[in-house]
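Dear colleague,

I am handing over the structure we spoke about, with the sequence alongside. Please open it before reading on, since my notes refer to it throughout.

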Amino acid sequence: MAQEATLATLIRLLSEHFEIDTADLHPDSTFDELGLDSLAVTELLVVTEQETGARLSVADAPTGTSISLADIAWHIDQRRGNQAPAPTAGADG
Amino acid sequence: MTAHETAVTGLGLVTAAGVGVKATWSRLCQGHPTATRDPALHGLPVDFNCRVPETELANALGRGLRWRTDRFIQLALVAAREAVRDARLEPAQWSGERVGVIVGVGGSSYDTMPQVCAHLARATPEIISPTAVPRGIPNMAAGEIAVDLGARGPGMSVSTACASGATALGIAHHLLSAGMCDIALAGGSDSGCHPLTAAGFWRLGALSTRRHDPAGASRPFDTDRDGFVLAEGAAIMVLERAEHARARRVHPYGMLAGFSATTDAHHHTRPHPQGDGALRALRGALSDAGLPPTDIDHINAHASSTPLNDRVEAAALCEVFPEPPPVTATKSVLGHSLGAAGAIEAIISLMSLRHQTIHPTANLDTIEDGIALDIVTKAPRPQRMRAVLSASFGFGGHNAVLVLTAP
């Protein structure tokens, strides 16, 4: 998945799951700016992993709230590049 | 006897009839049951319940909370906000350390448990949501209200199963009396609409299985009743000592004049056959209020619509009240909201006092033989009232009775 598509997925998940207005979601938006704490960062990674199959919920996952959406998207793409093709995403609810 | 009088100065309510006290009072006066088939329960032996309207709840709650809070927390927040506004309190200006939050929560919250269990079963605990614990533990209704409104005094949940909402109000009354806080946001919140809850209570034999007629399923005191109908809701009151309300120049809805909590210590789910615990709680609340039975003008019964409860409760009421005042059963319209029920019914008792009107009990076609009570049916009944008694009886034999009086 190219970074733009990954970013689009993140924006959609933030909008649907966290009920954040898409008008407030930009690549350089940080979690601090969005009013989301470290619990929310973990939640986003869990939800993104469930959606995409990319293994994100592991030891080297980003945790700080000063990171931006673009940072997270980059991290997701790195994870996807470093692993075997993901199993079918979204198998469980 | 209580050292200080407790005034009720604000009310907040969310039920299957809608958001806001007016919506529920209006629906009760219409006598129009809220039970309907629930798609989320499709395929289960009991597939109907009383759900809070989704859009109304979302609009009242606002955005950004549902990802990390179970329904009982969402309902509690909406009710607490309404109560505080209604009491003309301004959280930005109050002394937060003197504001307590006491919320009755009777049922376990299961909203995301099926997904959590699936991840455990697949040995993928790392994709369990980090919200799994904080979104559902019972104290979080009080915790989230405290964050939302800035209440830094004593905060807790109270649990006595179906009596939780009433017990919470009684505990809040005593915390105020003891001077541990000056304002108490108190009541109950619960959502009994999850498939796990429905399956569990069905297996216990507690639920009505009147699938062909959900609206008619909650029929307290009726000869055809066969169990209760699960519901969800939240009711929060603002309580303060009478002199505190006077100093703020707010006119109370009424006084929380008496409270009694007792335990049957008989069986884990069945009430004492002679209603021992219920009798002591009824008499205890009257004594606490300093009122003889003849001074009670109306009884809002627990009346869950189970064969056993309604029969035992009716007998207990007849024993304590030689000539029982008119009775009504709020659960006939709103269903059984578990931990919220006692608080919802306390609010309805106050509305009855304010309007000098008793709402009708729905679905009472044939009162069971042997139940010698005057139950208001068909239409709201105007009634001069100064004191109302509200009773709640829970699994585990936990009983809580409140006496509410006109201001």
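Below I go through the interface, the salt bridges and one helix contact.

Please keep in mind that this is a predicted model.

On the interface, 14 residues of chain B are in contact with 16 residues of chain A, and the two chains bury about 1400 Å² between them, with 55% of that area on carbon and sulfur atoms. On the side of chain B, the residues that lose the most area to chain A are B:Arg63, B:Trp67 and B:Ile127, which together account for 45% of what that side buries.

As for polar pairing across this interface, there are three salt bridges between chain B and chain A, and seven residue pairs are in polar contact, counting those with both residues at pLDDT 80 or more. The side of chain B that touches chain A consists, by class, of five nonpolar, five polar and four charged residues. A salt bridge links B:Arg66 to A:Glu19, with the closest N and O atoms 2.7 Å apart.

Over all chains, the count comes to 28 salt bridges. Within chain B, B:Asp47 forms a salt bridge with B:Arg37, where the closest N and O atoms are 3.4 Å apart. Because B:Asp47 lies in the loop between strand E3 (36-37) and strand E4 (48-49) of chain B, while B:Arg37 lies in strand E3 itself, the pair ties together parts that are ten residues apart in sequence.

Turning to the helices, the axes of H6 (residues 164-177) and H12 (residues 341-355), both of chain B, come within 4 Å and cross at roughly 70°, which means that H6(B) is roughly perpendicular to H12(B). H6(B) contributes B:Gly165, B:Ala166 and B:Leu169 to the contact, and H12(B) contributes B:Gly342, B:Ala343 and B:Ala346. By class, the residues of this contact are four nonpolar and two polar, with no charged residue.

With best wishes

Terms used:
Residues numbered from 1 in each chain as written. Chains lettered and ligands numbered in written order. Predicted model: local features only at pLDDT ≥ 70, side-chain atom pairs only at ≥ 80, totals over all residues. Heavy atoms only, no water. Axes fitted to C-alpha atoms, helices over the stretch in contact; angles between N-to-C directions. Helix = DSSP H or I, 4+ residues; strand = E, 2+ residues; numbered from the N terminus. Parallel < 35°, antiparallel > 145°, perpendicular 65-115°, else oblique. Contact = heavy atoms within 4.5 Å. Nonpolar A, V, L, I, M, F, W, Y, C, P; charged D, E, K, R; others polar. Buried area = accessible area lost by both parts, 1.4 Å probe. Salt bridge = Lys/Arg side-chain N within 4 Å of Asp/Glu carboxyl O. Polar contact = N/O pair within 3.5 Å; in protein donor to acceptor, adjacent residues only side chain to side chain.
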